[in-house]
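The following exercises invite the reader to study a structure step by step. Each task is followed by a worked solution.

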Amino acid sequence: MTALEFTYQVGSFSKFLKPFALRLTKDLDDANDLVQDTLVKAYSNREKYAEGTNLKAWLFTIMKNTFITQYQRMVRRNTFIDTTENLHFINSQESLQTNEALSEFVREDLEKALNQTDEMYRLPFLMYFRGFKYHEISEELDLPIGTVKNRIHIARKELKKKLHMYA
């Protein structure tokens, strides 16, 4: 198989790699990086591909192995070793201290921003945030469903503007 044919076939299968990468990483940026790493490894190891075998499966195997290697590297990086005589591995969450003050500041800022939002936008937004469906909010507030969606959208935009420091 020529380099051009290989490149064309890999390119045709690359659209299947991103959903698989998203399932593995659960993060869009990490998934994009994983797809890119997979394609680089596939191109650099083109001579190892045996013609006639399943190219798509070969790409998925490269991706899976790349993900596992990166995950293991991350776990090793986050492992602390106690250098006392006992040589224990310390990975327990019990030793972590959290700063609750930050979440309190965020909650206060969010409350302040919500209170500054006009009532006609705040009420549908809060109902939606609490789990009401659009049609339920529409019935409860006696508004057309399009108006409800618009007001929720406007409330989100206002909150995003007011809370830009957390974005």
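**Exercise 1.** Is D29 buried or exposed?

*Solution.* The model examined here is predicted. Step one is to locate the residue: D29 belongs to helix 2, which spans residues 28-44. Step two is to read its relative accessible area, which is 53%. Step three is to apply the cut-off: a residue counts as exposed when this value is over 50%. D29 is therefore exposed. Step four is to look at the surroundings: D29 takes part in a patch of negative charge on the surface, together with D27, D30 and D33.

**Exercise 2.** Describe the order of helices and strands along the protein chain.

*Solution.* Begin with the count: the protein chain contains seven helices and two strands. Next, follow the elements from the N terminus, which gives the order α-α-α-β-β-α-α-α-α. Finally, consider burial across the chain: 23% of its 167 residues count as buried.

**Exercise 3.** Which backbone atoms lie by the polar side-chain atoms of T25?

*Solution.* First, place the residue: T25 is part of helix 1, residues 3-25. Second, assess its burial. Its relative accessibility is 18%, and the limit for a buried residue is under 20%, so T25 counts as buried. Third, list the contacts. A polar atom of the T25 side chain lies 3.1 Å from the backbone oxygen of D27. The backbone nitrogen of A31 lies 3.5 Å from a polar atom of the T25 side chain. D27 also appeared in Exercise 1, as a member of the negative patch.

**Exercise 4.** Where does T117 lie, and which backbone oxygen does its side chain reach?

*Solution.* The position comes first: T117 sits in the loop that runs between helix 4 (100-116) and helix 5 (119-129). With a relative accessibility of 3%, T117 counts as buried. Its side chain reaches the backbone oxygen of A113, at 2.8 Å.

**Exercise 5.** How many salt bridges are counted? Identify the partners and describe the exposure of each.

*Solution.* The count comes to three salt bridges. They may be taken in turn.

- *Helix 4.* E111 and R107 form a salt bridge, with their closest N and O atoms 2.6 Å apart. Because the two residues are four residues apart in helix 4, about one helical turn separates E111 from R107. E111 is partly exposed at 41% relative accessible area, and R107 is also partly exposed, at 39%.
- *Helix 5.* The side chains of E119 and R122 meet in a salt bridge with an N to O distance of 2.3 Å. The pair lies in helix 5 and is three residues apart, so E119 and R122 are separated by about one helical turn. E119 is partly exposed, with a relative accessible area of 43%, whereas R122 is buried, at 16%.
- *Helix 7.* K162 and E158 meet through their side chains in a salt bridge of 3.8 Å, N to O. Both lie in helix 7 (residues 145-162), four residues apart, or about one turn of the helix. K162 is partly exposed at 27% relative accessible area, and E158 is likewise partly exposed, at 22%.

**Exercise 6.** Why does R122 count as buried, whereas E158 counts as partly exposed?

*Solution.* The cut-off for burial is under 20% relative accessible area. R122 has a value of 16% and is therefore buried. E158 has a value of 22%, so E158 is partly exposed.

Note on methods
Residues are numbered from 1 along each chain as its sequence is written. This is a predicted model: local features need pLDDT of at least 70, side-chain atom pairs count only at pLDDT 80 or more; totals for chains, interfaces and linings use all residues. Side-chain values use heavy atoms; hydrogens and water are left out. Patches are made of residues with over 30% relative accessible area and no salt bridge: like charges are joined within 9 Å, nonpolar side chains (Val, Leu, Ile, Met, Phe, Trp, Tyr) within 5 Å. Accessible areas come from the Shrake-Rupley method with a 1.4 Å probe; for residues, only the protein chains shown count as cover. A salt bridge is a side-chain nitrogen of Lys or Arg within 4 Å of a carboxyl oxygen of Asp or Glu. Lys and Arg count as positive and Asp and Glu as negative; His and the chain ends are not counted. The place of a charge is taken as NZ of Lys, CZ of Arg, CG of Asp or CD of Glu. Buried means under 20% relative accessible area, exposed over 50%, partly exposed in between (1.4 Å probe, protein chains only). A polar contact is a pair of N or O atoms within 3.5 Å; within protein, one must be able to donate a hydrogen and the other to accept it, and residues adjacent in sequence count only if both atoms are side-chain atoms.
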